[in-house]
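Student: Could you take me on a close look at one part of this structure, the place where the two domains meet? I would like to see what sits there and what holds my attention should go to.

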Amino acid sequence: MVTPGFDQLSVEIKEKAYKLGFDLCGIAKARVLNERTPVFRQWIAAGMHDEMDFLVRNTEKRLDPSSLVPGAKSVIVTGLNYYSKNLQRKEGVPVISRYSYGKDYHDVIKPKLTELLDYIKTREPSVEGRIFCDSAPVHEKAWAVEAGLGWQGRHSVVINPEIGSFFFIGIVIVDTELDYDYPFRKDLCGNCTVCIDECPTGAINNNRTIDARKCIANLTIENKASVPSEYLPKLGKRIYGCDRCQEVCPWNKNTGESVIREFRLPDEIAEMNLSDWMELTEEKFTQLFAGSAIYRKRYEQFKENIINILK
Ligand code: SF4
Ligand code: SF4
């Protein structure tokens with residue numbers, strides 16, 4: 001389907017996205033991402049997806065948007081900065097990843113994407129589409145590059161030259177043609193290898209992929225089992241996620257704070273000292289983290305991660 005005036009609609013979609021608070025918005029032509037297939041299959045074959053079996057099951061869907069939205073023509077990609085300047089303030093405490101500081105990002109982004117899709121349908125009622133926020137097998141990073149938002153750094157995260165890499169990616173796939181942005185074809189990493197050098201576990205492959213079996217983010221968040229003993233000495237104080245490769249990236253030097261207040265670290269968590277963390281009860285865990293991405297983790301496992309950093 002081709003919508004008359006699709007170039008005007010594309011402008012309006014972006015205006016609406018920015019009004020909704022998104023920092024970035026680009027539009028890519030929907031197509032099968034054939035060029036991604038070999039690296040993706042090699043990564044899976046090497047077992048680097050660890051326990052994320054959904055990646056194996058949905059390989060085709062991840063690379064072909066029309067398997068998710070029949071007749072898919074366009075992939076609208078948004079970016080939402082989550083960088084909080086309110087940090088954990090006490091020395092020697094367990095460290096949580098910045099993306100988990102505030103409200104669960106799914107609960108912030110999904111309503112915005114839904115409103116964006118509703119807006120498109122208001123403008124063009126015949127359009128069919130679907131939203132995706134880390135909730136279905138979409139290759140978000142690849143689509144962010146396709147839509148011109150940035151390039152995939154050596155740490156595999158997408159970097160935008162203006163806002164860095166601390167942003168969430170949200171996607172709307174629609175069955176109408178739109179005005180497409182140029183894919184981001186430049187690699188602005190240049191000769192830099194800082195993230196590879198600084199990764200505590202050597203998890204960064206030199207082909208824009210991560211070995212999830214070694215990555216602290218995976219080991220402390222996704223992995224249902226205990227962190228393997230050989231990685232315990234490498235955790236530092238990290239109990240939920242790891243930001244090291246993004247923190248050392250020169251493109252994040254001037255990252256501005258998110259305008260989304262719900263992404264900021266609440267003062268009560270920022271002020272927790274070591275004994276507050278060590279004595280964290282299930283009741284307190286619920287009080288502090290219900291509504292945060294951290295609450296997807298079972299209390300027992302979270303507590304185990306806290307105890308791990310003292311070993
Ligand atoms: S998140 Fe941490 S462990 Fe994972 S690749 Fe980055 S620096 Fe390495
Ligand atoms: S630290 Fe250097 S190599 Fe790694 S993503 Fe940033 S610019 Fe690229």
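Tutor: Happy to! Let's start with a word we will need: a residue is near a molecule if one of its heavy atoms lies within 4 Å of it. Keep in mind too that this is a predicted model.

With that cut-off, the residues around ligand 1 are C199, P200, T201, I204, I210, C215, I216, C242, R244 and C245. Sorted by class, this shell holds eight nonpolar residues, one polar and one charged.

Now to the two domains. The domain assignment splits the protein chain into domain 1 (6–84 + 96–174) and domain 2 (194–257 + 266–308). Their centres, taken over C-alpha atoms, are 23 Å apart. The contact draws on 36 residues from domain 1 and 42 residues from domain 2. Together the domains bury about 3200 Å² between them, and 55% of that is on carbon and sulfur atoms. On the domain 1 side, I96, R154 and H155 lose the most area to domain 2, together 21% of what that side buries.

What about charges and polar groups? Between domain 1 and domain 2 the count is one salt bridge. You can find a salt bridge between D104 and R296, where the closest N and O atoms are 2.9 Å apart. The interface also has 18 residue pairs in polar contact. Two elements, α2 (37–45) and β5 (151–152), give two or more residues each to the side of domain 1 that touches domain 2. By class, that side of domain 1 has 16 nonpolar, 14 polar and six charged residues.

Next, look at ligand 2. Around ligand 2 you will find G153, R154, H155, I159, C189, C192, C195, C249, P250 and W251. You have met R154 and H155 already, among the residues that lose the most area to domain 2. The shell of ligand 2 divides into seven nonpolar, two polar and one charged residues. Why does ligand 2 lie between the domains? Domain 1 and domain 2 both give residues to its shell, so ligand 2 lies between them.

Finally, step back to the salt bridges of the whole model, which come to 17. One of them joins the side chains of R123 and E12, at 2.3 Å from N to O. R123 lies in helix α5 (residues 105–123) and E12 in helix α1 (residues 6–19), so this pair ties together parts that are 111 residues apart in sequence.

Definitions and conventions: Residues are numbered from 1 along each chain as its sequence is written. Chains are lettered from A and ligands numbered from 1 in the order in which they are written. This is a predicted model: local features need pLDDT of at least 70, side-chain atom pairs count only at pLDDT 80 or more; totals for chains, interfaces and linings use all residues. Side-chain values use heavy atoms; hydrogens and water are left out. Ala, Val, Leu, Ile, Met, Phe, Trp, Tyr, Cys and Pro count as nonpolar, Asp, Glu, Lys and Arg as charged, and the others, Gly among them, as polar. Domain bounds come from an automatic or database domain assignment. Contact means heavy atoms within 4.5 Å. Buried area is the accessible area (1.4 Å probe) that two parts lose on being put together, summed over both. A salt bridge is a side-chain nitrogen of Lys or Arg within 4 Å of a carboxyl oxygen of Asp or Glu. A polar contact is a pair of N or O atoms within 3.5 Å; within protein, one must be able to donate a hydrogen and the other to accept it, and residues adjacent in sequence count only if both atoms are side-chain atoms. Helices (H or I, at least four residues) and strands (E, at least two) are DSSP runs, numbered from the N terminus.
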